Amino acid sequence: FPFYGSFISTLNHKRESGSHSLSSPLLLPAVKQGQTLPPICPDVRQKHRISIDVLPPEVKARFVSEPIIPIRTKTAKEFQDDVERATISGDWKQVHDFYLTTFDSFLELNGAFKKEANAPFNTIEDSGINMKFVNIVYDALLHTPADTQKSVLKGIINSLLREWKGPRTKDDLRAYFVLVQNPQYTSPATYVIYAHLLRQIASLAEADHHFLMHWFKKLPQKRFKQLVERLQLFITTRLFPAKPDELPPMAKCSWWIPSATKVLSLLNAANSISSPPIIPFTDLYNLTLDHIDFMEDYHTWQAHGNSNRFTFCQFPFILSTVVKKAIIQRDSEQQMISMARQTLVDKVSRRQRVDMSLLFLNIKVRRLQLVSDSLDELSRKRADLKKKLKVTFVGEAGLDMGGLTKEWFLLLIRQIFHTDYGMFTYVKESQCHWFSSWKCDNYSEFRLVGAVSFHFPAVYTV
């Protein structure tokens, strides 16, 4: 191909300069000056076609399918020695050159941190990255001069701006895996770069995400938690910037938060498949989301589902218990009102006498058989479970204005969770109740607890 490249470029130059016409001896040595060219027909083309077997070797040679990773021999110990000498002498050139070269491209990243440059490491069990070396390099980065830190960011920009063609290789995934752990992404000044990195990771194929998820799973707890904290800080700062002028307008970077949340979901998946989990699931909550209009987010999610329109409800792991409880409670109330309104409209349209009791879920229970009566009533009236609850105690006069419902709920919960009843066992270490193993033959009572907890959230939050 270099042979043909030089030949064609020479040919084009001759044509553009006009130094040779189409009948030039350079192009058509078999045709004399001024002689008319013979007509070209399919037969002639076929006769003059050159077989690939007679081409020179340099023409037949194919391009290498994947770039060759450069061999780098610097060890973690040698790098640490370089940093110590630079700290004492003040001459950071050698360290600066290392960072400048290493972060210049994805290939250089693999050359510096891959355990074996020529080994494929196409497995979810081993990323092939020398994580000890990566951690040492990143721990030292924040203590280097400002120009060194800027050179790293410039190298990352150049890598992310590369024109990608075709699917990502495992070496590309390794580069993303290393770059996302950069500790520089804690300042809004780096957020534009961080956002583009997260966008490229989020847009990877599902198979690539599968590899990254398992590689994240192998990280030490400290490094894993730092990754989560940086992503959470990025989302929080984008939602509620301390200085809005530091960041681009929200309209121009609406993809920032979706990208970060999708990458965070990879860490959540890695945490979920680890036994025990790497960090508590509560560390994945973003508490600033308690202050957004989460009901609007919920209604958007209901209307569009898991489509391309982003909502936080698509990623429930990021929503705190406070938000989830509020969504369930408000949605339950809205459904109760909707069902009551529909019942009223149906009666009026049929010209039937309106019985206001139809707007409520009315149950009658005996105090001595509280659990069994409640279970029977709720089982018979499943179609009305989303209506507002009204309780009547048999043999007792009283109008339920909310007080009887609260009393019924408290008595029911107290009896169900009592140790003597046998449904749940109290665990002192965790100070929680757990299912009793010898009571699991009667699932109807457990369904009662679930129905009460799910369908009547307004009651149990009182």
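**Charge pairs, cores and confidence in a predicted model**

D373 and R366 make a salt bridge, with their closest N and O atoms 2.8 Å apart. The two partners sit in unlike surroundings: D373 is buried, at a relative accessible area of 10%, whereas R366 is partly exposed, at 42%. This is a predicted model, and the pair is one of the 15 salt bridges that turn up when the whole structure is searched.

A salt bridge also joins R367, whose side chain meets that of E407 at 2.9 Å, N to O. R367 belongs to the loop between β1 (360-365) and α16 (370-380) and E407 to helix α17 (residues 403-416), so this pair ties together parts 40 residues apart in sequence. Here both ends are partly exposed: E407 has a relative accessible area of 30%, and R367 has 35%.

Turning to lower residue numbers, the side chains of R72 and E108 meet in a salt bridge of 2.8 Å, N to O. Distant parts of the chain are linked by this pair, with R72 in the loop between α3 (57-60) and α4 (76-89) and E108 in helix α6, 36 residues apart. E108 counts as buried because its relative accessibility is 14%; R72, at 39%, counts as partly exposed. Beyond simple pairs, K74, D82 and R85 are connected in a network of salt bridges.

Not every charged side chain gets a partner, though. Side chains of opposite charge can pair when their charged atoms come close. D208, in helix α11 (residues 206-217), is buried yet has no salt bridge. The nearest side chain of opposite charge to D208 is that of K170, 4.7 Å away, and the cut-off for a salt bridge is 4 Å between a side-chain nitrogen and a carboxyl oxygen, so the pair does not count. Setting aside neighbours within four places in sequence, D208 is in contact with R168 and L173.

R230 is another buried charge without a salt bridge. This arginine is part of helix α12 (residues 221-239), and E229, the nearest side chain of opposite charge, is 7.1 Å away. What R230 does touch, apart from residues up to four places away in sequence, is V180, Q181, N182, P183, Y185, T186 and Y194.

As for the overall fold, the secondary structure comes to 19 helices and 4 strands. Of the 462 residues in the protein, 39% are buried. Among contacts with a separation of 6 or more, 66% are between residues 24 or more positions apart. The protein exposes about 28,000 Å², with 57% of that area supplied by carbon and sulfur atoms.

The largest nonpolar core has 83 residues, of which F79, Y99 and F216 touch the most other members. A second, separate core is made up of 22 residues, among them V365, L378, M423 and L448. Back in the largest core, F79 touches K74, V95, F98, Y99, F133, I136, V137 and A140, leaving out residues up to four places away in sequence. One of these contacts, K74, is also a member of the salt-bridge network with D82 and R85.

Two backbone details are worth a look. S275 and P276 are joined by a cis peptide bond, with omega at about 0 degrees; P276 falls in the loop between α13 (256-272) and α14 (294-304). The other detail is F121, a residue other than glycine with a positive phi, near 50 degrees. F121 is found in the loop between α6 (106-113) and α7 (131-141), and it counts as buried because its relative accessibility is 16%.

On confidence, the protein averages a pLDDT of 82, and 80% of the residues score at least 70. Over residues 458-462 the pLDDT is below 50, and this stretch has 10 contacts in the model beyond near neighbours in sequence. Residues 58-64 also stay under 50, with 11 contacts beyond four places in sequence. Where pLDDT is low, the predicted coordinates should not be read in detail.

Note on methods
Residues are numbered from 1 along each chain as its sequence is written. Side-chain values use heavy atoms; hydrogens and water are left out. pLDDT is the predictor's confidence in each residue, from 0 to 100. Contact means heavy atoms within 4.5 Å. A nonpolar core is a set of buried Ala, Val, Leu, Ile, Met, Phe, Trp, Tyr and Cys residues joined through side-chain atoms within 4.5 Å. Buried means under 20% relative accessible area, exposed over 50%, partly exposed in between (1.4 Å probe, protein chains only). Helices (H or I, at least four residues) and strands (E, at least two) are DSSP runs, numbered from the N terminus. Lys and Arg count as positive and Asp and Glu as negative; His and the chain ends are not counted. Accessible areas come from the Shrake-Rupley method with a 1.4 Å probe; for residues, only the protein chains shown count as cover.
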